[in-house]
Amino acid sequence: MPLPAGLPSGALGGAAWDTAHAELVELLRAIIRIPSVNPPDPPGQELVVAEHLASVFRGEGLEPEVLDPTPGRGSVVLRLHGDGSGGEPLLLLSHLDVVPANAADGWTHGPFDADVADGYVWGRGAVDMKQMVALEAMVVRLLARRARAAGVDPARDAIPGLRRDVLFACTADEEAGGIHGVDWLATHRPETLQAAGALNEAGGVSVELAGRRFYPIQVAEKGFEVFRIHVKGTWGHGSMPREDNALVLAAEAVRRLASPGEPRITAPMREFLAGIRAALPPEQAALVEVIEGDDPRRSEAAIRTLCDPVAARALRALLRDTISPSVLNAGVKYNVIPGEATLMIDCRTLPGTTPDDMREEVLARLGDLAPHCTLEHVIGRSPVENDRADLYELLAATLRAHDPDGIPVPVMTPFATDAKTTMLRLGVPTYGFTPLRLEPGEPFLARYHGVDERVGLDALRFGLPVLYDVVATYCA
Ligand SMILES: [Zn+2]
């Protein structure tokens with residue numbers, strides 16, 4: 001999909017972008033201050049965020065809908081109309097809940113104070129993902145203003161220049177599986193999500209490597225399979241140790257399960273690695289070639305040389321099915337040898353790995369412990385993978401237009417997002433695309449769910465016109 005000769009953002013002029021940037025920052029700060037943590041504590045805060053966004057949209061003459069199928073768990077949706085001649089809508093998808101944050105854990109600025117300091121907005125959600133909520137909401141506001149400036153009703157009439165509808169959906173409960181948010185919408189109000197394509201979190205953020213600036217755009221995400229393993233031993237007296245102490249068996253099971261498995265290069269990661277290799281200097285390109293190869297030992301050494309520890313952990317996870325032991329329960333009293341233990345494991349699957357494959361892998365790693373273990377499947381979702389359709393090409397072209405030195409590449413994420421629902425249940429190609437040009441060295445990925453979430457003012461200033469151009473061009 002080619003970009004127009006003059007980008008749509010150019011028509012607004014510099015002063016309009018200064019104003020929009022200031023409004024974006026204020027909106028972001030306002031929603032960070034609402035502690036919409038999940039699990040809800042205090043309850044009802046997701047609804048407060050949804051209502052806040054709705055009131056901002058009403059201020060633009062729009063008619064958003066706030067839906068709270070479960071009291072207090074609010075999502076907000078709205079539709080901007082195109083003239084209907086351009087095909088299915090574009091969905092701007094986001095979530096308004098955040099994971100809990102405790103100021104005592106070492107936050108430089110209070111997690112719900114939304115301080116602006118040192119060129120950043122600080123607080124829970126600045127990374128995951130209230131910054132994108134604010135970016136998408138600002139694009140909606142700018143499009144509504146375009147309508148009002150032309151003397152048409154943005155709630156009912158076609159927005160001048162739009163041929164497709166634009167859907168905005170900001171959901172509750174993403175951080176706990178989306179049951180009260182995106183999943184409910186998909187079941188009861190699918191028209192609020194049904195689209196030709198969707199933009200969501202977890203991609204489009206710049207990453208520096210060997211002096212090059214890459215923009216990995218998320219086109220796929222790994223699946224997950226959670227198992228509870230019941231380990232059977234023999235009860236006994238603590239004074240006489242037993243080999244079949246269930247806790248000892250479980251500890252050995254943890255050790256075996258946690259060892260990294262064999263790497264396997266899937267289609268999205270093959271594209272990612274080829275994309276970065278083509279742009280890197282020869283020395284680093286040679287390391288990428290080793291990672292693409294079939295020698296796991298050399299590949300691991302190359303990852304350690306090429307990547308910082310955070311990027312290395314992500315890359316390792318994207319090259320194999322992974323198992324993280326996460327919960328272990330055993331024992332009743334200090335002098336009783338436990339006869340049973342329960343272990344939970346979080347398995348993350350590559351495209352091509354089925355739930356049965358993962359179960360086989362777990363049993364294989366347990367080896368001679370397997371006869372002591374019963375596997376119970378708790379929950380799972382398949383990996384998802386998009387075609388590189390015209391929307392992907394537009395995302396890449398728009399980034400290049402705004403950052404000629406930037407190199408967009410497709411990528412997979414190791415974790416799951418609301419895209420599982422839009423893609424698996426509704427078939428909407430969903431791309432992780434939060435366009436942010438970061439300051440070199442900013443450890444964005446490490447701040448996910450961590451302390452000191454923050455987003456740069458300059459990164460936001462870069463992102464808003466990029467997102468606006470994507471939406472205005474795709475829907476034109
Ligand atoms: Zn998120």
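The zinc ion is held by His 95 through NE2, by Asp 128 through an OD atom, and by Glu 201 through two OE atoms, at 1.9 to 2.7 Å. Donors here are N, O and S atoms within 2.8 Å of the metal (3.2 Å for Na, K and Ca), and water is not among the atoms, so sites may look incomplete. This is a predicted model, in which local features need pLDDT of at least 70 and side-chain atom pairs count only at pLDDT 80 or more, while totals for chains, interfaces and linings use all residues. Residues are numbered from 1 along each chain as its sequence is written, and side-chain values use heavy atoms, with hydrogens and water left out.

What do the angles say about the arrangement around the zinc ion? The four donor atoms subtend 52 to 145 degrees there, which makes it irregular. For reference, four donors count as tetrahedral if all angles lie between 85 and 135 degrees; four count as square planar and six as octahedral if opposite donors are over 155 degrees apart and all others between 65 and 115; anything else is irregular.

Along the sequence, the zinc donors follow the spacing H-x32-D-x72-E. His 95 and Asp 128 link distant parts of the chain, 33 residues apart: His 95 sits in strand 3 (residues 90-95), and Asp 128 in the loop between strand 5 (120-122) and helix 3 (130-149). Helices (H or I, at least four residues) and strands (E, at least two) are DSSP runs, numbered from the N terminus. His 95 is buried, at a relative accessible area of 1%, and Asp 128 counts as buried too, at 5%. Buried means under 20% relative accessible area, exposed over 50%, and partly exposed in between (1.4 Å probe, protein chains only).

Now for the nonpolar packing. A nonpolar core is a set of buried Ala, Val, Leu, Ile, Met, Phe, Trp, Tyr and Cys residues joined through side-chain atoms within 4.5 Å. The largest one has 104 residues, and those touching the most other members are Leu 53, Leu 143, Phe 168, Leu 199, Phe 433 and Leu 436. Apart from that one lies another core, of 20 residues, with Ala 253, Leu 343, Ile 345 and Ala 370 among them. Back at Leu 436, and not counting residues up to four places away in sequence, the residues touched include Gln 131, Leu 135, Tyr 215, Phe 444, Val 455 and Phe 462. Contact means heavy atoms within 4.5 Å.

Helix 1 (residues 13-32) is a good next stop, with His 21 in it. His 21 is buried, with a relative accessible area of 9%. Setting aside neighbours within four places in sequence, His 21 contacts Leu 457, Leu 460, Arg 461 and Leu 464. Also in helix 1 is Ala 30, which counts as buried at 17% relative accessibility. Ala 30 and Phe 112 are 82 residues apart in sequence, with their C-alpha atoms 9.6 Å apart in space.

Move on to the loop between helix 1 and helix 2 (45-58), where you'll find Pro 39 and Pro 42. The peptide bond from Asn 38 to Pro 39 is cis, with omega near 10 degrees. The bond from Asp 41 to Pro 42 is cis as well, with omega near 0 degrees.

Helix 10 (residues 355-366) has twelve residues, which at 1.5 Å a residue should span 16 Å; its end C-alpha atoms are 17 Å apart, which agrees. The expected span is 1.5 Å times one less than the number of residues. Which side of helix 10 is buried, and which is exposed? Met 358, Val 362, Arg 365 and Leu 366 are buried. They cover an arc of only 105 degrees around the axis, which puts them on the same side of helix 10; the arc is that of the directions from the helix axis to the C-beta atoms. The face turned away from that buried side carries the exposed residues Asp 356, Glu 360 and Ala 364. Among the elements covering the buried residues of helix 10 are strand 10 (223-232), helix 5 (246-258) and strand 12 (322-330). Just after helix 10, Gly 367 takes a positive phi of about 55 degrees.

Two residues other than glycine also have positive phi: Ala 114, at about 55 degrees, and His 449, near 60 degrees. Ala 114 lies in the loop between strand 3 and strand 4 (116-117) and counts as buried at 0% relative accessibility. His 449 lies in the loop between helix 13 (444-447) and strand 19 (454-456) and counts as partly exposed at 42%.
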